[in-house]
Amino acid sequence: MVVTELWTKIVLWLSEHAPVTAAALRSPEPPDLAELEAEYAVELPVELRELWACCGGTDVDVLADVLPPFYTPYSAAQALQSWRDHRKNWTAQWDRPACDYYAGSPGSSFHPSWIPIAGDGFADELVVDLRPGPLTGCVLEWEQEAAQVLRPEWRGVGSMLADVHRSLTEGIPAGHSYPTVTEDGRLDWQIR
């Protein structure tokens with residue numbers, strides 16, 4: 001329940017300090033996890049299951065930069081659609097992606113075991129890496145233009161949310177980004 005607790009605390013903070021961002025977030029629709037696992041062909045980790053049980057993403061084309069430096073969380077349905085889009089775009093390399101074997105290692109084509117969890121509204125995303133190895137479940141940043149991931153940003157969804165919560169409540173950086181709130185009540189991450 002760590003993910004649920006952290007997500008709840010983040011949403012409460014947003015409601016008080018960045019109400020426009022909080023208002024953009026939707027209640028979750030419980031996903032059919034068995035169906036998702038069958039399509040992804042991987043077992044979803046507890047933290048990812050928990051995230052989608054408490055986070056419903058936003059409406060289509062609505063950005064809410066909850067996750068640094070500028071990512072809007074996805075619902076389970078939005079994540080699946082993004083993953084399907086990657087499968088179409090990377091058809092030629094889907095079965096043999098240009099990526100190292102183990103979770104957390106670099107890659108230069110989209111890997112089928114990367115599950116999108118947030119996007120920037122263009123093409124970059126945060127993905128949970130479900131390749132095998134000790135870093136299974138880590139969060140990577142997929143850079144579409146460069147077609148790459150380099151290193152894990154967080155050890156997992158729980159550590160990502162803990163970092164975001166700590167950053168919001170203590171005013172310290174999360175990764176290389178500092179939280180600020182705009183005059184109109186939106187959370188904005190400043191890269192420094």
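Let's start with an open space: the largest pocket in this predicted model holds about 460 Å³ of space. Its lining is made up of 23 residues, and Tyr74, Ser82, Gly119, Gly121 and Glu125 are the ones nearest the centre of the largest pocket. Two elements, β1 (72-73) and α5, each give two or more residues to this lining. Of the contributors, α5 gives the most to the largest pocket, with six residues.

There is a second pocket to look at too. The second largest pocket contains about 270 Å³ of space, and 18 residues line it, with Glu29, Pro31, Ser75, Ala76 and Ala77 closest to its centre. Here the elements that supply two or more residues to the lining are α3 and α5. Once again α5 gives the most, this time with three residues.

Here is how the two linings break down by class:

| Pocket | Nonpolar | Polar | Charged |
|---|---|---|---|
| Largest pocket | seven residues | ten residues | six residues |
| Second largest pocket | nine residues | four residues | five residues |

Now let's turn from the pockets to a helix. Which residues of helix α4 (residues 46-54) are buried? They are Leu48, Glu50, Leu51, Trp52 and Cys54. And what covers these buried residues of α4? The cover includes the helices α1 (2-17), α3 (33-40), α5 (76-89) and α6 (157-170), along with the strands β2 (114-119) and β3 (125-129).

Helix α5 therefore makes a good landmark as you explore, as α5 is among the elements covering the buried residues of α4, and α5 also gives residues to the linings of the largest pocket and the second largest pocket.

Technical notes: Residues numbered from 1 in each chain as written. Predicted model: local features only at pLDDT ≥ 70, side-chain atom pairs only at ≥ 80, totals over all residues. Heavy atoms only, no water. Buried < 20%, exposed > 50% of the residue type's maximum accessible area, 1.4 Å probe, protein only. Helix = DSSP H or I, 4+ residues; strand = E, 2+ residues; numbered from the N terminus. Contact = heavy atoms within 4.5 Å. 1 Å grid on protein atoms, 1.4 Å probe; cavity = no way out; pocket = protein on both sides within 12 Å on 5 of 7 lines; lining within 4 Å. Points joined across faces, edges and corners; volume = space filled by probe spheres on them. Nonpolar A, V, L, I, M, F, W, Y, C, P; charged D, E, K, R; others polar.
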